[in-house]
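Welcome, and please open your viewer. We will go from stop to stop, with something to select at each one.

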Amino acid sequence: MSDSRAHGTGSGGTTAVLLAAGAGTRLGLGPKALLPLRGRTLVEVLADVLLSGGCREVVVVLGADAARVRAATELGRHRVIDNPHWASGMGSSFRAGITAAAPEDHVLIALVDEPGLTKKTVTRLLGSHRPGRVTAAAYRDADGKLQRGHPLLLDAGLRTEAAETATGDAGARHFLRAHPDLVDLVDCSDLSNGEDLDSPEQLHLLD
């Protein structure tokens with residue numbers, strides 16, 4: 001097996017899209033992208049994790065306070081785009097990120113509010129991907145059952161349809177519900193619990 005398998009299959013590689021446009025209203029601390037993590041900001045750390053995990057490029061989608069996020073971070077290694085429609089929900093950022101990715105690439109969708117994301121998780125997803133499929137990180141719940149989470153790897157041939165179904169606060173949700181037979185779950189429970197940072201009670205995830 002060639003090393004190209006680690007970067008996805010097909011003629012292209014894998015572009016990571018890091019969705020970092022939200023205002024973080026429920027946390028009340030400003031954009032989640034600027035939350036502190038390991039002496040840096042959340043968006044800087046996660047963008048570098050995606051790149052080091054094997055993605056060819058990282059597209060960072062900003063929205064709320066985009067100018068402030070740009071000024072407060074060093075994202076020169078990555079491609080940063082602004083979504084002027086970020087307030088309409090995650091769907092518009094999802095579409096913007098997929099559109100910005102090289103057309104021949106698979107797309108790995110990641111969320112800026114998942115501080116537990118690791119390089120090994122990214123590498124595992126890329127290495128597990130099969131042509132024409134969706135590969136999703138999954139984490140075991142209290143009953144030991146695998147639950148789909150993020151990141152989510154969309155095959156190059158599926159990304160356009162997935163983007164077309166993204167509306168409001170839904171990214172790939174409608175597409176995944178319509179095509180459950182295309183989704184392969186990859187157990188990443190040994191690397192992280194996959195928890196999203198949505199409330200003040202979860203700020204311990206940044207420790």
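A residue is called buried when its relative accessible area is under 20%, exposed when it is over 50%, and partly exposed in between (1.4 Å probe, protein chains only). By that yardstick, 53% of the 207 residues of the chain count as buried.

Two notes on the model before we set off. This is a predicted model, in which local features need pLDDT of at least 70 and side-chain atom pairs count only at pLDDT 80 or more, while totals for chains, interfaces and linings use all residues. Residues are numbered from 1 along each chain as its sequence is written, and side-chain values use heavy atoms, with hydrogens and water left out.

**Stop 1: the whole chain**

Show the chain as a cartoon. Its secondary structure comes to six helices and nine strands; helices (H or I, at least four residues) and strands (E, at least two) are DSSP runs, numbered from the N terminus. The radius of gyration is 16 Å, close to the 17 Å that the globule rule gives for 207 residues, so the chain is as compact as a globular protein of that length. That radius is taken over C-alpha atoms, and the globule rule is 2.2 Å times the number of residues to the power 0.38. Along its principal axes, the C-alpha trace spans about 45 × 40 × 30 Å.

Now think about contacts, meaning heavy atoms within 4.5 Å. Among contacts between residues at least 6 apart in sequence, 69% join residues at least 24 apart.

**Stop 2: helix 4**

Select residues 119-128, which make up helix 4. Which residues of helix 4 are buried? They are Thr121, Val122, Leu125 and Leu126. These residues cover an arc of only 130° around the axis, which puts them on the same side of helix 4; the arc is that of the directions from the helix axis to the C-beta atoms. Show their surroundings next: they pack against helix 1 (42-52) and several strands, including strand 1 (14-20), strand 6 (106-111) and strand 9 (183-187).

**Stop 3: strand 7 and its partners**

Strand 7 (134-140) also packs against the buried residues of helix 4, so select this strand next. Six of its seven residues are buried. Two strands pair if DSSP finds at least two bridges between them.

- Strand 8 (146-154): six bridges join this strand to strand 7, and the two run antiparallel. Look for threonine 135 opposite leucine 153. The two strands form a hairpin with five residues between them, and glycine 144 in the turn has a positive phi of about 85°.
- Strand 9: five bridges join this strand to strand 7, and here the two run parallel. Alanine 137 stands opposite valine 186.

Stay with strand 8 for a moment and pick proline 151, which lies in it. A cis peptide bond joins histidine 150 to proline 151, with omega about 0°.

**Stop 4: helix 3**

Select residues 90-100 for helix 3. Its buried residues are Gly91, Ser92, Ser93, Phe94, Gly97, Ile98 and Ala100. Among the elements that cover them are strand 4, strand 5 (79-82), strand 8 and helix 5 (159-164).

In helix 5, click on threonine 160. Threonine 160 is exposed, with a relative accessible area of 51%. Draw a distance from its C-alpha to that of proline 103: the two are 57 residues apart in sequence and 9.4 Å apart in space.

**Stop 5: two loops**

Go to arginine 38, in the loop between strand 2 (36-37) and strand 3 (40-41). Its phi is near 55°, a positive value in a residue other than glycine. At 56% relative accessibility, arginine 38 counts as exposed.

Then move to aspartate 65, in the loop between strand 4 (57-62) and helix 2 (66-72). Aspartate 65 has a positive phi of about 50° although it is not a glycine. This residue is partly exposed, with a relative accessible area of 43%.

**Stop 6: the cysteines**

How many disulfides does the structure hold? It holds zero, counting as a disulfide a pair of cysteine sulfur atoms within 2.5 Å. Select cysteine 55: its nearest cysteine sulfur, that of cysteine 188, is 13 Å away. Cysteine 55 is buried, with a relative accessible area of 5%. Cysteine 188, at 0% relative accessibility, counts as buried too.
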